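This report covers selected backbone features, strand pairings, a pocket and a cavity of one protein chain. The sequence and structure are shown first.

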Amino acid sequence: MGSTCVVGLQWGDEAKGKIVDLLCDHHQVVVRYQGGANAGHTVVHEGTTYKLSLIPTGILRQGVECVIGNGVVIHPASLLSEIERLSSQGVDFGGRLHISERAHVIFPYHMAEERLSEESASVADHIGTTRRGIGPCYRDKVGRMHGVRIADLYHPAEFRERLARIVDFKNRLLRSMLADFEPFDAASMAEEYLAHAETLRPFVRDTTAWLHAAIRGGRKLLFEGAQGSLLDIDHGSYPYVTSSNSSAAGAAAGSGVPTRHIDRWIGVVKAYTTRVGGGPFPTEQENETGERIRRVGREYGTVTGRPRRCGWFDAVAVRYSSAVSGSTELAIMLLDVLSGIEELRVAVAYEIDGVRVPSLPASLTDLARCVPVYETLPGWSEDITGAREWADLPRAARDYVAFIARQVGVPASIVSVGPDRRQTIQIPECDRPSA
């Protein structure tokens, strides 16, 4: 086994953290390559629940080193709070965390800008961000005028001078648009961030050079995607997306490691579909079925606590995102949530005005008009949370997994039947359902 990339193929929240945790048995380095503290990974191990946002899941495994790559945006106070919280749970960092000096920094004015964007949006245009400043920080990054990187914090005089210019601009902008806005003080902000930088200094380095040295040393890397491919800024359901390349397309840009070093691409999906925030959702079930999935699956955001919208598995969307991310295999999560539903439905195509749509539409207007074409499969009544082998699953559950694999066109290699690490079935290669 060489290096691996784990990426969500839906609208996020696919339980990628659990898969990354499992794969740490065979990898020595875990790399987070995009997003910010808006991501939320939950891992349950030996009865303890760990919640991670910025720090790669591999930190829970002794001997595994973790990298926060250049494609991530960092709010230093949030990162330090996460380090402190995990340390209090017994996680030993022991020199295992490496932060890119090229990663961009989130400031309080980014959060104010996000609040402005959300509060000024109409109901129809409301994207539904986490208000953690991620989008505005990425906007400053690509705008080039106001972006600040971790490396800049280690040049105090230049940083203070530059931050003063940026804060002056942001204050004038926000004062004109927010009635209750209180101007930011650049001097106190600079001192706060310089103090955070000193605390983070032992972790900060040129992670691209570090990763290439790891590859030359024969170490296997595990790339951990945040959010999901359908939230990708280029390939997702724009504009209801995140501000980074959350598909596998972001791995190289966000880490500095060419994709030729990755030979296994695991696409993670739930056995159904969920979405947080606005945007079209063709298979959404605003009925008892959707409410049942939410209740049984505990479908509330790890970071925000917001209830997720729930619906049937959308093979059209996943077929598209799997192609974009180059998935070589599927991990199908939360299969146990569907136990007890008499009939299960899977969207195999879309129609607009009775005409088949060949793939996921780029136009938001067209996607909102799509009517799913469903195939119905028999459900199962058995409790499958105790299953540990592929053969332990009821025939109907195995048939459901096989149907999804055929529709997506990628073999299924992993099935999850509960939150614990042990509640995971590795499907033998000879038994893997495929197209």
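Asp 353 sits in the loop between S16 and S17. In this predicted model, the phi of Asp 353 is near 55°, a positive value in a residue other than glycine. Asp 353 is exposed, with a relative accessible area of 67%; the cut-off for exposed is over 50%. The loop is the turn of a hairpin formed by S16 and S17, with two residues between the strands.

A positive phi is also found at Asp 13, about 65°, although Asp 13 is not a glycine. Asp 13 belongs to the loop between strand S1 (3–8) and H1. With a relative accessible area of 25%, Asp 13 is partly exposed. The two residues are set side by side below.

| Residue | Phi | Loop | Relative accessible area |
|---|---|---|---|
| Asp 13 | about 65° | between S1 and H1 | 25%, partly exposed |
| Asp 353 | near 55° | between S16 and S17 | 67%, exposed |

Another backbone feature concerns a proline. The peptide bond from Tyr 238 to Pro 239 is cis, and its omega is near 5°. Pro 239 is placed in the loop between strand S10 (221–224) and helix H8 (250–253).

**Strand S16 and its partners**

How much of strand S16 is buried? The strand spans residues 343–352 and is mostly covered, with seven of its 10 residues buried. Strands of a sheet pair through backbone hydrogen bonds, either parallel or antiparallel. S16 and S17 (residues 355–357) run antiparallel and are joined by three bridges. In this pairing, Tyr 350 stands opposite Val 357 in S17. Strand S18 (residues 371–378) also runs antiparallel to S16, and eight bridges join the two. Here the bridge partner of Leu 344 is Leu 377 in S18. Strand S14 (residues 313–314), by contrast, runs parallel to S16 and is joined to it by two bridges. Asp 314 stands opposite Ala 347 in S16.

**The sheet of 10 strands**

A separate listing of strands gives an open sheet of 10 strands with mixed pairing, in the order S9-S7-S5-S2-S10-S1-S11-S15-S19-S20. Strand S9 (204–205) and strand S20 (424–426) stand at the edges; each has a single partner strand, so one side of each is left without a neighbour in the sheet. At the S9 edge, strand S7 (residues 97–100) runs parallel to S9, and two bridges join them. Ser 100 stands opposite Arg 205 in S9.

**The second largest pocket**

The second largest pocket has a volume of about 560 Å³. Its lining is made up of 27 residues, of which Ala 15, Thr 42, Gly 297, Leu 334 and Pro 419 are the closest to the centre. Helix H1 (16–23), strand S3 (41–45) and strand S4 (48–52) are the elements that give two or more residues to this lining. Which of them gives the largest share? It is S3, with four residues. By residue type, the lining of the second largest pocket holds seven nonpolar, 10 polar and 10 charged residues.

An unreviewed UniProt entry lists Thr 302, Val 303, Thr 304, Gly 305, Arg 306, Pro 307 and Arg 308 under "binding site". Of these, Thr 302 and Arg 308 are included in the lining of the second largest pocket. Pro 307, another of the listed residues, lies in the loop between helix H9 (288–297) and strand S13 (309–311). Leaving aside neighbours within four places in sequence, Pro 307 is in contact with Arg 294, Glu 299 and Tyr 300.

**The cavity**

How many cavities of 30 Å³ or more does the structure hold? There is one. The largest cavity has a volume of about 50 Å³. Of the 10 residues that line the largest cavity, Arg 32, His 41, Ser 53, Ile 55 and Glu 224 are the closest to its centre. The lining of the largest cavity divides into four nonpolar, four polar and two charged residues.

Notes: Residues are numbered from 1 along each chain as its sequence is written. This is a predicted model: local features need pLDDT of at least 70, side-chain atom pairs count only at pLDDT 80 or more; totals for chains, interfaces and linings use all residues. Side-chain values use heavy atoms; hydrogens and water are left out. On a 1 Å grid over the protein atoms alone, a cavity is a set of points where a 1.4 Å probe fits but cannot get out, and a pocket is an open set with protein on both sides within 12 Å along at least five of seven lines; lining residues have an atom within 4 Å of a point. Grid points are joined across faces, edges and corners, and a volume is the space filled by probe spheres set on the points. Ala, Val, Leu, Ile, Met, Phe, Trp, Tyr, Cys and Pro count as nonpolar, Asp, Glu, Lys and Arg as charged, and the others, Gly among them, as polar. UniProt positions are given in the numbering used here, feature names are shortened, and annotations may be inferred rather than shown by experiment. Contact means heavy atoms within 4.5 Å. Buried means under 20% relative accessible area, exposed over 50%, partly exposed in between (1.4 Å probe, protein chains only). Two strands pair if DSSP finds at least two bridges between them.
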